[in-house]
Structures are given as C-alpha cells and as structure tokens.
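Colleague: I am new to this structure and would like to go through it with you step by step. Could we take one residue, then the ligand, and then the salt bridges?

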Amino acid sequence: MEQKLGVKIIGTGSYLPPKVLTNKDLEIMVDTSDEWIVTRTGIHERRIVDKNTSTSDIAVKAAREALKNADVDAEEIDAIIVATVTSDYVFPSTACLIQDKIGAVNAAAFDISAACSGFLYSLTIGVAFLKLQNFKKVMIIGAETLSKIADWEDRATCVLFGDGAGAVIIEASDNGSEFLDIFLGAEGNGWDLLSIPAGGSRTPTSIDTVNNKGHYIKMKGNELYKWAVKTMKNLIADSIQRAGITYDDVKYIIPHQVNIRIIDAALKRLKMADDKVVINLDKYGNTSAASIPIALDHLNCAGKINKGDILIFVAFGSGLTLASTIIKW
Ligand code: UT7
C-alpha cells in the first residue's frame, strides 16, 4: 500500500448471550463427545441466544458498548455497516434495525454478506467511507446467531458454531494510528463448500426444502479445512510483506476463530510462535463475522492494547471469501 491510511478505532464493544452450551450438553443432543470436539476443534463451549432473541438484539448491545467506549453519541454515527449471515429478515437489513434501536438517526445503514470475512470486508468499506466527505464516524458490526441456522441433528456442524456480536467505531486520524495494509479476496469457485442451499432465489422456500433441511448450514469440512490452513498462512505472510513490517513488529494476531487446529497448522507452516495469537474459540466457538471484533473488544477492555501496537486480523469463510488487515493502534 503506497499511502498509509490515517484511521483510528476509537471504540469497541461486544456482547455474548448468557446461555452457555457445553460439549457435555451436546453429548446429550447428538452422537459426539467432549473429547472429540476438543481434540478436533479446541472448542469447549459456546454461547447460544434464546428463541426470542435475534441478531439485531445482540448487535444493539455490542453497538451501545462501542458508543460508550468511544464516548460518542449515536447521532454522531454517519454509517452503520453490519456483517452477518443471520440477518433478522431477508430484508430490511439488520443495520437498519440497529440504526433505529440505537437512535443513530444520521447514519446510512446496510448489511454485507461475506460470511466469516464479513467484519474485515465491512471494516474496509468503512475506511473507504472515511475518505469521502460527510462520513466522519463509521460503526462496523459483526453479529451472528448461528444457532438459528445450525442443524442440531448434524454432529459434523452443530458443535462448531456459537452466537455473539462485536462492534467498532472508526474515524480519520492524524495521530499516528493507521491501517498499514488491507486485503480482500474471493474464490467463488469454492462457493459450495459452505452454504445454506435453500431459501434464496435458486431454491425458494417450500415444504420440500423444509422437510429436506435445506435451510441449515451444509459444510464440506475436510476440503474447507485444507483451504483454510493454506489461506490463513498466505494471508499473514503476504500482508506482513505488503505492510513492510516483520513478525517481530507484531503485537497480536487476531484470526477468525474457526478451529484451533487450522490456526496452529497455519502458524506452524509460517514457523511463527503462537504466543501472539488471540484465541477465544474455546469459550465461544466459531461466531463467524463476530469472532474478530469480539476478540478485539476483549483485548481492548482488558487494557492490553497500547498506542502504536501493531495488530493483524485474518479471516476466511463461505464464498469463499478471504481478508486481512494490519493496523497500528
Ligand atoms: O468458519 C468458516 C469455515 N469453516 C471451516 O473452515 C471448518 C473447517 N473444517 C474443520 O474444522 C474440520 O474439518 C471439522 C472440525 C469440521 C471436522 O474435523 P475432521 O478432523 O476434518 O473430521 P472429519 O470430518 O474427517 O471426521 C472424522 C470422523 C468421521 O467419522 P468416520 O467417518 O471416520 O467414522 C465423522 O463422522 O469424525 C466423525 N465426526 C464426529 N464424531 C464425533 C464428525 N463430527 C463429529 C462429532 N463428534 N461432532
């Protein structure tokens, strides 16, 4: 990137629903074991919303936390970009529902569909907006209620996912905080590795699609696994090179919280120690677009990020989509 982007994250927030679903709970629901899930994924438990709670409900809680953390009023937000694959409705967007609930009356609002890479896609759009007149403060939210689209009879997928929301607010900055690298990519030829087959215009909802469970997550786990390891490795190596930094300069790597084996395998191939990697999948599972902003918020609220620290975010998922971002805090 020729010109560094002077942009600062001025506030973060997150929300995890209180209900904990442990691996032991899952042993009662499907033919699985705590041992299998921990060994194959690193996940011990995840959070699940109750049946009356939607994605916008938990996103609003994260958004309000971010406003408080940034000491910003909702009316000051110029755009709300929501990354989600579990929107409340097909339309309107979840962003519009959030805009209404938090009173961000001056904000444009829309959703982005890029699955697990959605937060980084949205962050990139937010950064681009800051280069436009009239956009001074942009709120980016990753929020998912994957429990609503998981097939709770399919042990190969239901053990992986969790619910949660994370939010950040960004503004232009001339105090040294900057985005050192941004990369977005897609490999659409792998679209069928992770999808929900029914309910769209290809296969509209019908009694058959409901009976055939077409509205739940379908995943080709093994193929995705290999792709994810290679992709995460390349994303980190390439973005570090483009940013003109070394691994020693990096304080934290926050990867999409997919599976500890994928993360470990990618780092091993890079010959990088794992002591800079932030992990929360053990407690929250894979929360798709929410996983990076939740991890970032928890670090921030714990006071573990200092001015000038360099953080790398990497994400990959359905689409297939892939993304990386390097920021100087
Ligand atoms: O978020 C975006 C993208 N998502 C991903 O990138 C996910 C990538 N994939 C993965 O993380 C892994 O492929 C999984 C964790 C999903 C699966 O791990 P795996 O080591 O690839 O297992 P597998 O699919 O090869 O299955 C091994 C065995 C099979 O039994 P057989 O055929 O060997 O008898 C499965 O039926 O494990 C069985 N199995 C389970 N057993 C107990 C699958 N799920 C379970 C389960 N409990 N929950």
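Colleague: Is threonine 12 buried or exposed?

Modeller: Please keep in mind that this is a predicted model. Threonine 12 is found in strand β1, which covers residues 7–15. Because its relative accessible area is 2% and the cut-off for burial is under 20%, threonine 12 counts as buried.

Colleague: With which side chain does the side chain of threonine 12 make a polar contact?

Modeller: Leaving aside neighbours within four places in sequence, threonine 12 is in contact with several residues, among them Glu65, Asn69, Leu296, Asp297 and Trp329. With one of these the contact is polar and runs from side chain to side chain, at 2.7 Å, and the partner is aspartate 297.

Colleague: Turning to the ligand, how many residues surround it?

Modeller: The closest residues around the ligand are Thr32, Arg40, Arg155, Asn259 and Asn286. By kind, the shell divides into 11 nonpolar, seven polar and four charged residues. The number of residues that surround the ligand is 22.

Colleague: How much of the accessible area of the ligand does the protein cover?

Modeller: Some polar side chains come within a few ångströms of ligand oxygen atoms: an N or O atom in the side chain of asparagine 222 is 3.1 Å from one, and a polar side-chain atom of arginine 261 lies 3.3 Å from one. For asparagine 259, the distance from a side-chain N or O atom to an oxygen atom of the ligand is 2.7 Å. Of the 960 Å² of accessible area that the ligand has on its own, the protein covers 73%.

Colleague: Which element gives the most to the shell around the ligand?

Modeller: The elements that give two or more residues to this shell are α2 (34–41), α6 (155–158), α8 (221–243) and α9 (260–270). The one that gives the most, with four residues, is α8.

Colleague: Which residue is linked with Glu76 and Lys137 in a network of salt bridges?

Modeller: The structure holds 11 salt bridges, and in one of them the side chains of glutamate 76 and lysine 137 meet at 3.7 Å, N to O. This pair links distant parts of the chain, with glutamate 76 in the loop between α3 (55–70) and β4 (79–83) and lysine 137 in strand β6, 61 residues apart. Glutamate 76 is partly exposed at 35% relative accessible area, whereas lysine 137 counts as buried at 15%. The further member of their network is Glu171.

Colleague: How far apart are the closest N and O atoms of glutamate 153 and lysine 213?

Modeller: Glutamate 153 sits in the loop between β6 and α6, and lysine 213 in the loop between α7 (207–211) and β10 (218–219), 60 residues apart. Glutamate 153 is exposed, with a relative accessible area of 63%, while lysine 213 is partly exposed, with 23%. The two form a salt bridge in which the closest N and O atoms are apart by 2.4 Å.

Colleague: Is aspartate 181, which meets arginine 242 in a salt bridge, buried or exposed?

Modeller: The side chains of arginine 242 and aspartate 181 meet at 2.9 Å, N to O. The pair links helix α8, which holds arginine 242, with strand β8 (residues 178–186), which holds aspartate 181. Arginine 242 is partly exposed at 34% relative accessible area. Since its own relative accessible area is 1%, aspartate 181 is buried.

How values were computed: Residues numbered from 1 in each chain as written. Predicted model: local features only at pLDDT ≥ 70, side-chain atom pairs only at ≥ 80, totals over all residues. Heavy atoms only, no water. Buried < 20%, exposed > 50% of the residue type's maximum accessible area, 1.4 Å probe, protein only. Polar contact = N/O pair within 3.5 Å; in protein donor to acceptor, adjacent residues only side chain to side chain. Contact = heavy atoms within 4.5 Å. Near = heavy atom within 4 Å. Areas by Shrake-Rupley, 256 points an atom, 1.4 Å probe, with all protein chains shown as cover. Nonpolar A, V, L, I, M, F, W, Y, C, P; charged D, E, K, R; others polar. Salt bridge = Lys/Arg side-chain N within 4 Å of Asp/Glu carboxyl O.
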